[in-house]
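Visitor: I have a structure to go through with you. Shall we take it piece by piece?

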Amino acid sequence: MREHIEELLLQSLLHLQRSGVLPEVPEHAVQLERTRSPEHGEFATNLALAHAKQAKKPPRELAQAIVDNLPPSRHVARTEIAGPGFINFFLNPGAFTGVVKEILRAREDYGRLNPDQAESVTVEFVSANPTGPLHVGHGRGAAFGATLSNILAMAGYTTQREYYVNDNGRQMDILAVCVWLRYLELCGEKVAFPENGYRGEYIYDIARVVRSENGDKYRFNGNDVWQGLPGPDSEDREGRIDALIARARELLGEAGYREFFDTALNDILGDIRNDLSDFGVEFDLWFSERELEESGAVQHAIEKLRENGHLYTKDGATWFRASALGDEKDRVVVRENGRTTYFASDIAYFLNKLERGFDRAIYVFGADHHGYVARLRAAAQGLGQDPDRLEIILMQFAVLYRFGEKVQMSTRSGQFITLRELREETGDDAARYFYIMRSHDQHLDFDLDLAKSRSNENPVYYIQYAHARICSVFRNLLQMDLTHNEAIGEAALDVLTEEHEINLIRELSRFPETVDATARKRAPHQMAHYLHAVATQLHAYYNAHQFLVEDENLRNARLNLIQATRIVLQSGLGLLGVSAPEEM
RNA sequence: GCGCCCGUAGCUCAGUAGGAUAGAGCACCGGAUUCCUAAUCCGGGGGUCGCAGGUUCGAAUCCUGCCGGGCGCGCCA
């Protein structure tokens, strides 16, 4: 319907252009909005206000000219010029009931968009280092990324979801060493554990796996481990742990070291994968940083920067002149010791995404990564790419509240709430919904008690209940030995003239444009709000009118309407990764 | 110190690419069930949109400054 009126307006504008009233009709000239109140009709446009200057006419006069040139439409009952020059559109009742017909015809494809040019995007999210279980902060990125991807796909984008696996960094080395130390402990050795190592219980679990498969094969005397290395009173804690990594490699040999490293990686990554999958978050690609480097992609990207003249050498390291491209300072890509930096891998990964044919790479990052924005954009430019093909969405932090108080967390000590614990406590539906119900640039207060409560305060249940109620009506229909005849309902749709019915249909008609808007604005939270609004209309309707009435025409027409509502709720909840229960 | 984000009702937040009288949930007050699930509905009170300027027909929305809060500023990953 919206598109229909936009088309009418465009035709009018083109006509005015031909007759010389308007200089030119820019692309996206037509902006049609929903009115806030019915007295302004259904849709309104500010076209005349926006173009009055160019047309050298008073806004209201231009508005009249636009209205005079509108092609006739069976959906538009009348137009009205209001206020300083708004054009308001009032619709025929048939314009509303047509929506019900459309939904029942399209079913789960209602709201699926087919843009002329489908953009292809890759959405990277979570990408947590595989050094431990996901915690509640990752959960927000997971829910957001998954929902955004779902919506983009619905809006017609070619969408890929990917997870960047940091399987190559120093953090992984630290992890491997920690596993080894716990392994030695299990063997009965007494070994000091570095204070900045990974202390979580899960490290013991991994150590147990290594031991059950290898016995005491990698056992060394506890005294030999730290022999000659800086002691715990050393100032340089990082240097101390690096020395320990070197010692582990030396004692274990490459194969032995690999055993710990890979067991830890596979174990934790497998755990993350299961966790996300149980949470309804699936990835098309798990992209390995190690493979990126081994494939030569990092060198390839560095060469590209060099060709474009953005590299220079200083203090034995290779620097990227990022400051010339909007970043606050230059960045090292190859260290003095010859190793490439993490940033170099990032650049290579971005280039790789584009080379895989995506128009755009979307990154979902935690807000603490906002320093990367300027640097990655600089890199994109340095590679000779349009920096707008790189899009970074920053997720603000999620703070858990229990009994009205902030739940304290610290990753260092292993004292944090895992995503799995959260899911078990609130259930997946509530967790998915609560995570995305706020805008990503807003801090999220995650109220555990509210998410758990099976009460009217909980917005998830409010929406699910609307769906369950509809299902319940259809169950009752069967018990009355009646069936829903959609054909009769469709023929009788014109009887749906109650205000509650019009309001509900209006809400349903907004689904496609909501898919479009939430996709374009990368704003999944608006889908959550939209579904809440649909549920509100359904509940109001339910309370005001009886659906299972004697009159066959009215009954089937109403069943068509709530069936259409069920379809929209189901699709919408599906986008959010929330289930649509048949009874509650 | 520099940079990014945020500041809207008592609380938590929306506010549709500048639009018409700023919305919702919770909390608070008052009502609704012989009838499809009351996890629901109906009504009510409650706002200097952080502050001050500016841009324009029109600003919560854009610009500048200030105040308050969060986060970040490694040849770490």
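Visitor: How many helices and strands does chain A have?
Guide: This is a predicted model. The C-alpha trace of chain A spans about 90 × 65 × 40 Å along its principal axes. Its secondary structure comes to 22 helices and 15 strands.

Visitor: What share of the residues of chain A count as buried?
Guide: A residue is buried when its relative accessible area is under 20%. Chain A has 584 residues. The buried share is 52%.

Visitor: Among contacts in chain A between residues at least 6 apart in sequence, what percentage join residues at least 24 apart?
Guide: Contact here means heavy atoms within 4.5 Å. Pairs under 6 apart in sequence are left out of the count. Of the rest, the part joining residues at least 24 apart is 72%.

Visitor: What separation lies between the centres of domain 2 and domain 3?
Guide: Chain A is divided into domain 1 (2-91), domain 2 (170-268) and domain 3 (456-576). The centres are taken over C-alpha atoms. Between domain 2 and domain 3 the separation is 58 Å.

Visitor: Which residues are the closest to RNA strand B?
Guide: The strand is surrounded by 65 residues. Of the RNA atoms that come within 4 Å of the protein, 62% belong to sugar and phosphate. The closest residues are Arg335, Tyr372, Tyr465, Ser472 and His545.

Visitor: Which helix gives the most to the surface near RNA strand B?
Guide: Several elements supply at least two residues each, including strand 1 (32-34), helix 6 (170-187) and helix 21 (525-544). By class, this surface has 22 nonpolar, 21 polar and 22 charged residues. The top contributor, with 8 residues, is helix 17.

Visitor: Which side chain has an N or O atom 2.7 Å from a base nitrogen of RNA strand B?
Guide: A polar contact needs N or O atoms within 3.5 Å. Arg520 places a polar side-chain atom 3.0 Å from a base nitrogen. Asn129 has a side-chain N or O atom 3.3 Å from a sugar or linking oxygen. The 2.7 Å pair with a base nitrogen belongs to Asn46.

Visitor: How far does helix 13 reach from its first C-alpha to its last?
Guide: Helix 13 covers residues 371-382, so 12 residues in all. At 1.5 Å a residue, 16 Å is expected. The reach in the model is close to that, at 17 Å.

Visitor: Which residues of helix 13 are buried?
Guide: Their cover includes helix 11 (297-307), helix 12 (342-355) and strand 12 (390-395). Just after the helix, Gly384 takes a positive phi of about 85°. The buried residues are Arg375, Leu376, Ala378, Ala379, Ala380 and Gly382.

Visitor: Is Thr263 buried or exposed?
Guide: Thr263 sits in helix 9 (residues 237-278). Beyond its neighbours within four places in sequence, Thr263 is in contact with Ile206, Val209, Val210 and Arg258. Its relative accessible area is 13%, so Thr263 counts as buried.

Visitor: Why does His532 count as partly exposed?
Guide: His532 belongs to helix 21. His532 touches Tyr433, Pro459, Tyr462 and Ile463, residues up to four places away in sequence not counted. Partly exposed runs between the buried limit of 20% and the exposed limit of 50%. His532 falls in that range because its relative accessibility is 28%.

Visitor: What C-alpha to C-alpha distance separates His532 and Asn92?
Guide: In sequence these two are 440 residues apart. In space, C-alpha to C-alpha, the distance is 26 Å.

Definitions and conventions:
Residues numbered from 1 in each chain as written. Chains lettered and ligands numbered in written order. Predicted model: local features only at pLDDT ≥ 70, side-chain atom pairs only at ≥ 80, totals over all residues. Heavy atoms only, no water. Helix = DSSP H or I, 4+ residues; strand = E, 2+ residues; numbered from the N terminus. Buried < 20%, exposed > 50% of the residue type's maximum accessible area, 1.4 Å probe, protein only. Near = heavy atom within 4 Å. Polar contact = N/O pair within 3.5 Å; in protein donor to acceptor, adjacent residues only side chain to side chain. Nonpolar A, V, L, I, M, F, W, Y, C, P; charged D, E, K, R; others polar. Domains from an automatic or database assignment.
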